[in-house]
Amino acid sequence: MSAKDFNIDIATYIEHTLLKPSAIPEEVKQVCQEAWQYDFPSVCIYPIAVTQAKELLHDKKTQVCTVIGFPSGATSSATKLYEAQEAVENGATELDVVINLGWLKSGESSKVYDEIAEICSETGQVIKAILETTVLTNEEKRLAGKICMDAGAAYLKTSTGWFGGATVEDVEILKQITRGEVGIKASGGIRTYEQAIALIHAGATRLGTSRGIYLIRQQNESAK
């Protein structure tokens, strides 16, 4: 690891994540407090916790992010749109939307585009399209990325974490697609500081992880 790596403020990349179905309000409160304490750009929580997170972070820079159509992406477009609009009404400013993988794989690209474009247009918020790269071919990754960019997504996100996680190779592919025009969120299975740094070098501009505090501690230990 080079000296340059220690100049990367990893905290500015971390979306502090709590996406276990059994999460209770005390845990939501904890991740929100940790996020503003460490100056993370956002917390990523389930829609049911958005109102609580917004109340806790209303005067902080940390944004409230939630997931839509999570984790399968296989709910109807009307359901996703309602879920997205309700989340925004409750205080979410960033929405991680799982694309419909069945449509992508069956060649119904226009449906994928229309779904993401409608959510972007109707909510007016930051949309991160979750591509679920672990179940896509490289050709499908490129196609999905281009569709979601054209539809107005502000970020391409690698994974939900339910079917595998982010890889350096996938982030590099997304970087080739985006060419700096939109952000790249690497998510799923980010467990070490070295892994986080590798993903940043590959092109990630956000890191979705539940281990943000641990990564900060690893960075501090490595810098000694």
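The following exchange asks how the terms used for this predicted model are justified.

Student: What is the basis of the numbering and the values?

Tutor: Residues are numbered from 1 along each chain as its sequence is written. The model is predicted, with local features needing pLDDT of at least 70, side-chain atom pairs counting only at pLDDT 80 or more and totals for chains, interfaces and linings using all residues, while side-chain values use heavy atoms and leave out hydrogens and water.

Student: What makes the eight strands a barrel, and in which order do they close?

Tutor: The eight strands close in the order β1-β2-β3-β4-β5-β6-β7-β8, with parallel pairing. From one strand to the next the twist averages 25 degrees. Strands (E, at least two residues) and helices (H or I, at least four) are DSSP runs, numbered from the N terminus.

Student: How do you know that β2 and β3 pair?

Tutor: Two strands pair if DSSP finds at least two bridges between them. Strand β2 (residues 42-45) and strand β3 (residues 63-68) run parallel and are joined by four bridges, so the definition is met. Cys 44 stands opposite Cys 65 in β3.

Student: How many bridges link β3 to β4, and how many link β4 to β5?

Tutor: β3 and β4 pair in the parallel sense over four bridges, with Val 97 in β4 as the bridge partner of Ile 68. Five bridges join β4 (residues 94-98) to β5, again in parallel. Here Val 97 is partnered by Ala 129 in β5, and Val 98 by Ile 130. On to strand β6 (residues 155-157), β5 pairs over three bridges in the parallel sense, and Ile 130 stands opposite Lys 157.

Student: Why is β4 called largely enclosed?

Tutor: Buried means under 20% relative accessible area, exposed over 50% and partly exposed in between, using a 1.4 Å probe and protein chains only. Five of the five residues of β4 are buried, so the rest of the structure largely encloses the strand. In a regular strand the side chains alternate between the two faces of the sheet. In β4 both faces are covered, with Glu 94, Asp 96 and Val 98 buried on one side and Leu 95 and Val 97 on the other. Strand β5 (residues 126-130) is mostly covered, with four of its five residues buried.

Student: What makes Leu 95 buried, and what does this residue touch?

Tutor: Leu 95 has a relative accessible area of 0% and therefore counts as buried. Contact means heavy atoms within 4.5 Å. Not counting residues up to four places away in sequence, Leu 95 touches nine listed residues, among them Thr 66, Ile 68, Ala 84, Val 88 and Ile 127.

Student: Why does Ile 177 count as buried?

Tutor: Its relative accessibility is 11%, so Ile 177 counts as buried. Ile 177 lies in helix α7 (residues 168-178). Leaving aside neighbours within four places in sequence, Ile 177 is in contact with Lys 141, Arg 142, Gly 145, Lys 146 and Met 149. The C-alpha atoms of Ile 177 and Lys 141 are separated by 9.2 Å, and the two residues are 36 apart along the chain.

Student: What makes a β-α-β unit right-handed?

Tutor: A crossover is right-handed if, with the strands pointing away from the viewer, the path from the first strand over the helix to the second runs clockwise. One such right-handed unit is made by β3, helix α3 (residues 77-90) and β4. β5, helix α6 (residues 138-151) and β6 also make a right-handed unit.

Student: Why are α8 and α9 called roughly perpendicular?

Tutor: Axes are lines fitted to C-alpha atoms, for helices over the stretch in contact, and angles run from 0 to 180 degrees between N-to-C directions. Angles under 35 degrees count as roughly parallel, over 145 as roughly antiparallel, 65 to 115 as roughly perpendicular and the rest as oblique. The axes of helix α8 (residues 193-202) and α9 cross at roughly 95 degrees and come within 9 Å. α8 and α9 are therefore roughly perpendicular to each other. Tyr 193, Glu 194 and Ala 196 in α8 meet Leu 215, Gln 218, Gln 219 and Ser 222 in α9.

Student: What does α9 pack on, and what covers its buried residues?

Tutor: Helix α9 (residues 212-222) packs on the sheet, touching β1 (14-18) and β8 (206-209). Its buried residues are Gly 212, Ile 213, Leu 215, Ile 216, Gln 218 and Gln 219. The cover over these buried residues includes β1, α1 (25-37), α8 and β8.
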